[in-house]
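Here are my notes for someone opening this one for the first time. Have the structure up beside you and go through the points in order.

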Amino acid sequence: MSQPGVVLAMPSVAETPRPSLVRRLFRRSPALIAMAVVAAFVIIAVGAPHVAPYDPIKQDFRAIRKAPSEAYRLGTDEVGRDVLSRLIWGARASLLAGVIPVSIALIVSIPLGLLSGCTGGWLDGLIMRITDAMLAIPFLIVAIALAAFLGPSLTNAMIAIGIAALPTFLRLARGTALAITTEEYIESARSLGCSRARIAVRHVLPNIVPPLLIQSSLTAAAAIIAEASLSFLGLGQQPPAPSWGSMLNAAQRYLVQAPWMAIYPGLMIFGIVMSLNVLGDALRDALDPKQG
Amino acid sequence: MRLAVFVARRVVVLLPTLFFVSVLIFSLQKLLPGDAAIALAGEESDPVAIAGIRAKYHLDQPVVVQYGIWMGKVLRGDLGESLRNRIPVTELLASKLPVTVELAVCSMLIALLIGIPTGVLSAARKGTLVDVTANAVALSGLSVPHFWLGIMLILLFAVHLGWLPASGYVPPWEDLGRNLTTILMPSFVLGTGVAGVMMRHTRGAMLQVLGADYVRTARAKSVPERLVVLKHALRNALIPVITLGAIEFGRLLSGAVLTEQIFAIPGFGKMLVDGVFNRDYAVVQGVVLVSAGLYVLLNLLADILYFLANPRLRGA
């Protein structure tokens, strides 16, 4: 029995601090490998002028459809261009395809998602109905239709992909913002007289970033495939500028004579897309409070 | 709640979405650079012909009036005329859509046959090499560019082995055997991506169900693990997976675009690509409209299936 006036002190429980996101990510070896692949891809794309052994658009009719050799490591294409150099330079189109559409989606979805999630009412309803309408049209069909009406070019392809990816980001940003606005600390901030704008920027925005980060990785992967698809169809990067998709389009006609023209571009797309998907999964696990 | 009431509620919610879908598709034409009449005329440069196009498509009217006229025609089943061959777009769609539907059905069958058993096995063997391998294969299926996979399969099975035709399509009523050989590779190409999605969702649903109290009870009663997984867990895990299948079927329509192009299958997707290259904008709009309509319908079907499969919703 305790003495009157004596306050029992509760033993303090030492809290183990949660490792940072980067450390949680680095614990997973598939994520490490994926990050290394993505980093290599970015370095190759940025350093293409210094890395590529040949000019990617220079034609050499004496070296048409040459098999891989000492001179041409991955062979040549139908007009004698070095496949390895075109793969390296093609990484630039893919890098842009991964970054620009995601940036477009983020720049538009974050303010609209905050507005929709934090304001509610008819504005939220209107934004969501338009989002639902955009989601009703399959992703690639939206991208193809937009690229068709805007005109074939890499820039228009990236705009088209960004617009096609926008509804997913918008729905995610709005859904997360909506969930956060029901939290008690938001209620406290309101009680203290914080304006809606201040609450949205100071409290809601930092918390919608993690799920958008995960979605960015997954969408970058989808965007690279979409750009390759559009270029394959002739709606993306225009010849003679190299793109993995347009290389595959040309390779179709020479499957028997020059199969290397088809194998390597596809492997590059597969490698980078797989790495981005693995990274997206690892980010999701690392940001899950129940794990790590 | 009765099914009719549930469906009616869902349809009412869908109406604003369908309205905005129609506005978005109508707006595509407004993206055309410069004078839309000149763009629609294509190679035709005669001013009289261009003026005729302007009058035909009411391009001299306010945008709202143009939309009203266009929407009225769509509701009457008039999606315009193909600029290239002067055939009504509706007629073209009616001839091409069944081909794509056959491709989509075969792809979905392959996806279910691969995805569901793999997902069940992966969940039952969680954390083992089987689970890791299945996950890696599923992720690979999601990551591989399907048009490249199609080209590689043509290289292997058509060029090197000579087992299957590289391209082309034979309708099933003409020769079922040849139809199946022409549809096999494209179905596999399309189906692998969806198989990856189905596998991951089946695995997730199974893991959730395998952690439930009634499964723990069954194990405590010494029910063989095979029965626990297949009889008790799988039935409940399949509910969300089957509804997902309806939604993925809609996505197959999107994937069919490239697959039909590679394998020269005269379907819906190839019609879209041909429309793009021929600047046949009525065809492009028609394909997008029908794709959206089918996707909305399949989502509604997914909701109905979920309602029918989940007794808790029926009792609400």
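1. Start with Ala40(A), which sits in helix H2 (residues 29-46) of chain A. This is a predicted model, by the way, so treat every value here as computed from it. Is Ala40(A) buried or exposed? Neither label quite fits: it has 14 C-beta neighbours inside 10 Å, so it counts as partly exposed; the buried label needs 20 or more. Then look across to Ile272(A): 232 residues separate Ala40(A) and Ile272(A) in sequence, yet their C-alpha atoms are 9.7 Å apart.

2. Now zoom out to chain A. You'll find eleven helices and zero strands. Of its 292 residues, 45% count as buried. Take the contacts in chain A between residues at least 6 apart in sequence, and 69% of them join residues at least 24 apart.

3. A word on confidence. The average pLDDT of chain A is 86, and 89% of the residues score at least 70. Go easy on residues 1-7 of chain A, though: the pLDDT there is below 50, and the stretch has one contact in the model beyond near neighbours in sequence.

4. Chain B is helical as well, with 13 helices and zero strands. Its C-alpha trace spans about 85 × 60 × 35 Å along the principal axes. Buried residues account for 39% of the 316 residues in chain B. For contacts in chain B with a separation of 6 or more, 71% come from residues 24 or more positions apart.

5. How many residues does each chain put into the contact between them? Chain A gives 38 residues and chain B gives 38 residues. On the chain A side, H5 (121-136), H6 (139-150), H9 (196-233), H10 (244-251) and H11 (260-287) each supply at least two residues. By class, that side has 31 nonpolar, five polar and two charged residues.

6. H6(A) deserves a closer look. This helix has twelve residues and reaches 16 Å from its first C-alpha to its last, close to the 16 Å expected at 1.5 Å a residue. Eleven of those twelve residues are buried, so H6(A) is largely enclosed by the rest of the structure. Among the buried ones are Phe139(A), Ile141(A), Ala143(A), Ile144(A) and Phe149(A). What covers them? The cover includes H7 (154-180) and H9 of chain A, together with H1 (3-28), H10 (225-263), H11 (268-277) and H12 (281-309) of chain B. Just after H6(A), Gly151(A) takes a positive phi of about 110°.

7. On to H7(A), with 27 residues. From first C-alpha to last it reaches 38 Å, close to the 39 Å expected at 1.5 Å a residue. There is a bend of about 35° at Leu166(A), and a proline, Pro167(A), follows within four residues.

8. Which residues touch the most other members of the largest nonpolar core? Out of 158 residues, they are Ala143(A), Ile144(A), Ile161(A), Ile224(A) and Leu272(B). H9(A) brings the largest share of this core, 17 residues. Leu272(B) is worth clicking on: leaving aside neighbours within four places in sequence, it is in contact with Ile141(A), Ile144(A), Val257(B), Val284(B) and Val287(B).

9. In chain B, have a look at Ile110(B), which is in helix H5 (residues 89-124). It has 19 C-beta neighbours inside 10 Å and so counts as partly exposed, given that buried starts at 20. Not counting residues up to four places away in sequence, Ile110(B) touches Ser187(B), Phe188(B), Gly191(B) and Ala195(B). With Ser187(B), the separation is 77 residues in sequence and 7.3 Å in space, C-alpha to C-alpha.

10. Last, some backbone details to check. Pro239(A) and Pro240(A) are joined by a cis peptide bond, with omega about 10°; Pro240(A) is in the loop between H9 and H10 of chain A. In chain B, Ala264(B) has a phi near 50°, positive although the residue is not a glycine, and lies in the loop between H10 and H11. Arg279(B), in the loop between H11 and H12 of chain B, has a positive phi too, near 55°. With 18 C-beta neighbours inside 10 Å, Arg279(B) counts as partly exposed.

Key:
Residues are numbered from 1 along each chain as its sequence is written. Chains are lettered from A and ligands numbered from 1 in the order in which they are written. This is a predicted model: local features need pLDDT of at least 70, side-chain atom pairs count only at pLDDT 80 or more; totals for chains, interfaces and linings use all residues. Two residues are in contact if their C-beta atoms, placed from the backbone, lie within 7 Å. Ala, Val, Leu, Ile, Met, Phe, Trp, Tyr, Cys and Pro count as nonpolar, Asp, Glu, Lys and Arg as charged, and the others, Gly among them, as polar. The expected span of a helix is 1.5 Å times one less than its number of residues. The bend at a residue is the angle between axes fitted to the seven residues ending there and the seven starting there. A nonpolar core is a set of buried Ala, Val, Leu, Ile, Met, Phe, Trp, Tyr and Cys residues joined through C-beta atoms within 7 Å. pLDDT is the predictor's confidence in each residue, from 0 to 100.
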